[in-house]
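Colleague: Could you take a close look at one part of this model with me? I would like to start from a single residue and work outwards.

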Amino acid sequence: MSATLPHAAAAPERASGDSIFEASAFERNISGGTPRRWMSWHRRALALAALLGCLGLFTLARWLAATPYIDAQWSAGPGGTLVLQASALPALDAMRGRVLTQVRVAGGQPLAVDALLLHRWPRWQVDDIQRARQVAQHEGLAQRLALAPGLVQLQFADGSVIDAPVAPRGYPGLGLSFWPLAGVALLLYLFAVVLMLARPQARNLLFVTMALCQAGNLLFTALESSRTLGLPAGAMASDLPLRVALDLCTAAAAVQLFALHPRRLPHARLIATGGWAVVVLWVALTLPLALGSGEGVQLPLWWLAQGAALLLCGVALAVAGRSHRIEPNPYALVMRRLATAALLALLAVTAVVASVGHLPAVAPLVAASTSLAWYLFLAFLLLLTPFLARSRQVLREFALLAGVSTVATSLDLLFVAVFSLGTFTSLAIAVFIALGIYAGARQWLLNHLIGTRVLTTERTFDQLYRAAREVQARPARYPQLLTQLLRELFEPLEVLRVDRVPVRSRIVSGGAALVVPMRSADDESNPAGPSAVALVLRFAQRGQRLFTLEDARLADRVVDQLRRAVAYDMAVERGRYEERQRIAQDLHDDIGARLLTLMYQAQTREMEDYIRHTLQDLKTLTRGLAAAEHRLSHAAAEWKSDLTQRLTAAHVALGWSFDTDRDMRLSVVQWSALTRVLRELVSNSLYHGHASRIDVAFKLEGPLLTLQVADDGNGRNPQAWAHGLGLGGVRKRVKVLGGEVAWSENGEHGIVCAVRVPDFQGRS
């Protein structure tokens with residue numbers, strides 16, 4: 001349904017029963033001023049938040065850099081053994097390729113180790129028993145490294161024992177991936193701060209919750225990204241309960257957000273309570289684990305975690321779909337698509353991790369790769385969400401690349417685990433498929449997943465050109481033509497008129513609506529003057545996409561071009577008016593004075609009457625030229641008076657009929673064309689047809705104008721006439737009005753000329 005509502009008195013709420021949509025909260029805040037500038041305290045708060053974030057990040061980095069570690073590279077061997085690959089320490093490097101079995105410190109109990117030490121992500125460990133052993137090994141190693149007096153004993157499977165030095169890992173030991181992941185986490189944190197400072201609203205607090213939770217997940221990933229042995233004590237024990245809680249908080253916040261925005265759904269509070277109840281239940285189940293006293297917990301925690309995350313993602317998807325069904329807001333549609341993408345990505349990650357969980361040689365690589373791709377994908381989706389209508393192309397590309405990377409990683413690991421392909425072969429096939437998806441479906445993904453669409457230049461120019469031509473032809477139809485053009489360009493479901501006029505076009509309601517100022521050509525000095533209104537276009541492309549900043553800029557250019565067309569027409573008309581006044585003045589002062597002199601010097605009464613009638617015609621002509629417009633009723637009275645004088649002097653009867661449903665103002669072009677057509681037709685009946693009676697019938701009904709001149713003269717067979725200057729001039733002037741003219745025989749005697757203008761628009 002599409003409706004253009006009458007001028008509203010205040011906010012763009014429903015002004016009649018034509019609208020089925022409610023005005024959103026953002027649309028009620030339309031104002032004529034520029035967006036509010038950040039005050040000094042906003043800047044200070046942002047600077048303080050950025051400083052605190054950087055200090056927190058570097059505190060984490062310093063804490064991790066001070067953690068003792070063993071400087072060596074390890075890999076998983078046959079049967080889940082831990083194999084030394086390389087080391088910068090000469091004594092250890094000599095043991096390359098041997099299997100490590102135990103780690104001990106002087107006076108302490110030995111710690112049996114295996115390939116589970118390479119699995120640093122308990123959040124993505126499927127088997128609960130393996131996870132318990134994994135956490136126990138990491139925590140035991142962290143305790144021994146912390147107590148080691150500078151050396152730790154490494155025992156290998158062949159019985160050899162090496163004293164390996166233990167030292168803080170330092171900043172170089174953090175690994176190359178630590179800083180990029182920490183940087184993305186800091187970026188998410190700063191985005192959340194900026195959004196909350198810019199618009200401190202409840203739904204933005206939910207976005208802040210999601211952003212901070214995923215920033216925490218990225219910091220966990222960065223902390224566990226090092227390939228060397230030795231992580232901070234307590235990190236592994238709290239990994240699963242805390243990271244799953246962060247994921248569930250993100251999903252529960254999304255459920256509540258979709259229930260509140262872009263419109264509040266029925267039972268929104270109940271829906272939100274259900275989502276957060278899942279988080280509370282998970283915390284209650286895993287709190288003993290986080291506190292280090294959960295050895296007795298015997299639940300399939302990973303499957304519970306994945307099930308709860310998938311459940312909340314599905315609920316968020318259903319809530320977004322419900323919101324779009326109630327009101328076809330494209331923001332809800334885009335949120336539903338993004339939720340679908342996130343759900344499918346999480347399903348893919350779950351399937352990959354579950355399928356290789358029993359393979360100790362592959363499981364650490366799977367956990368590292370899939371979790372990293374998943375969290376980056378989710379982070380870029382969160383970074384993209386506030387800018388869906390802001391055309392941040394870089395963020396969109398990163399989100400697409402992160403999604404494609406998730407697909408590529410999942411395919412690669414599935415090929416290795418299921419089809420037993422080589423590492424290089426599986427990676428090549430996965431990259432080839434992912435790049436094919438990205439290259440072939442990139443534009444489709446931008447159009448349908450993120451909700452953008454590029455308007456073609458040819459289509460836009462063609463529609464703008466046609467509208468500008470129509471505006472130049474009929475300036476009075478500028479509001480209707482502008483509305484029609486915006487409808488054709490953006491295909492909104494609804495168009496409203498409001499009196500809160502911004503300085504330029506604005507995106508509101510997260511891209512669901514576009515506010516376009518609509519001012520007349522003479523409002524340049526007062527943009528928010530009394531003649532100004534604004535159009536609110538809601539739900540672009542029939543509710544299938546969001547408005548973007550490019551749309552706002554395009555709307556401003558369209559309005560500017562149409563106003564230029566109107567201003568050009570006004571300038572041309574002003575020039576014509578001034579030239580007509582000059583010509584009328586010259587005719588009156590020069591030709592009129594000479595005719596008056598001739599009239600007083602006339603030798604006969606007939607000559608004096610002829611010159612007097614000529615002066616009367618000249619007076620009518622100059623008055624018509626000097627006037628900018630004419631009332632139709634006044635023009636009809638002048639036409640009747642003029643014809644009465646002429647026909648009375650020629651002893652010809654006049655039949656006059658004038659019927660109109662309204663009085664309108666004729667432009668000079670319209671007045672001149674009708675006047676000259678009427679005079680030419682009557683002159684033809686007098687001087688060529690030698691008529692004794694002429695009947696003139698003028699009728700205006702709606703936009704249709706008809707003019708009929710009939711006589712009883714001796715003219716016959718008009719189809720055989722040679723159209724000279726007189727009849728050719730009649731055709732030309734009728735064509736200027738947008739009509740057509742036809743001659744036919746008037747029964748047994750005379751000729752009938754019928755003029756028909758189907759769309760006669762005046763200046764009423």
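Does Trp302 count as buried or exposed?

Modeller: Happy to! Trp302 counts as buried, with a relative accessibility of 0%. Here buried means under 20% relative accessible area, exposed over 50% and partly exposed in between, using a 1.4 Å probe and protein chains only. A word on the ground rules: this is a predicted model, so local features need pLDDT of at least 70 and side-chain atom pairs count only at pLDDT 80 or more, while totals for chains, interfaces and linings use all residues. Residues are numbered from 1 along each chain as its sequence is written, and side-chain values use heavy atoms, with hydrogens and water left out.

Some background helps in placing that residue. The protein has 764 residues, and 47% of them count as buried. There are 20 helices and 20 strands; these are DSSP runs numbered from the N terminus, with H or I over at least four residues for a helix and E over at least two for a strand. Among contacts with a separation of 6 or more, 70% are between residues 24 or more positions apart, where contact means heavy atoms within 4.5 Å.

Back to Trp302, and to aromatic rings. Rings of Phe, Tyr and Trp (its six-membered ring) pair if their centres lie within 6.5 Å; planes under 30 degrees apart are stacked, over 60 edge-to-face and the rest tilted. The protein has seven aromatic pairs by this rule. One of them joins Trp302 to Trp303, edge-to-face, with 4.9 Å from centre to centre and 80° between the planes. Unlike buried Trp302, Trp303 is partly exposed, at a relative accessible area of 47%. Another pair, Trp639 and Phe698, has its ring centres 5.9 Å apart and its planes at 50°, so this pair is tilted. Trp639 belongs to helix 18 (residues 632-649) and Phe698 to strand 17 (residues 693-701), so their pairing ties together parts that are 59 residues apart in sequence. Both partners are tucked away: Trp639 is buried at 6% relative accessibility, and Phe698 is buried at 3%. Elsewhere, Phe58, Phe178 and Trp179 form one aromatic cluster.

A tryptophan also brings us to helix 3. The charged end of Arg123 sits over the ring of Trp124, 4.2 Å from its centre; the rule asks for NZ of Lys or CZ of Arg within 6 Å of the ring centre and within 35 degrees of the ring normal. Further along the chain, Asp127 caps the N-terminal end of helix 3, with a side-chain oxygen 3.0 Å from the backbone nitrogen of Ile129. Helix 3 itself covers residues 128-147, and its end C-alpha atoms are 29 Å apart. At 1.5 Å a residue its 20 residues should span 28 Å, which agrees; the expected span is 1.5 Å times one less than the number of residues.

The buried residues of helix 3 include Arg131, Gln134, Val135, Gln137, His138 and Leu141. What covers its buried residues includes strand 5 (99-104), strand 7 (151-156), helix 6 (239-260) and helix 8 (301-326). Gln137 is a handy residue to click on: it is found in helix 3 and is buried at 5% relative accessibility. Leaving aside neighbours within four places in sequence, Gln137 is in contact with Leu111, Ala112, Val113, Asp114, Leu116 and Leu117.

Helix 6 leads to a backbone feature. Pro262 is placed in the loop between helix 6 and helix 7 (268-290), and the peptide bond from His261 to Pro262 is cis, with omega near 10°.

Two other loops hold a positive phi in a residue other than glycine. For Phe539, phi is near 70°, and the residue sits in the loop between strand 13 (533-538) and helix 15 (540-543). For Asn717, phi is near 50°, in the loop between strand 18 (704-711) and helix 20 (725-736). Their surroundings are not alike: Phe539 is buried at a relative accessible area of 0%, whereas Asn717 is partly exposed at 40%.

Conventions
A polar contact is a pair of N or O atoms within 3.5 Å; within protein, one must be able to donate a hydrogen and the other to accept it, and residues adjacent in sequence count only if both atoms are side-chain atoms.
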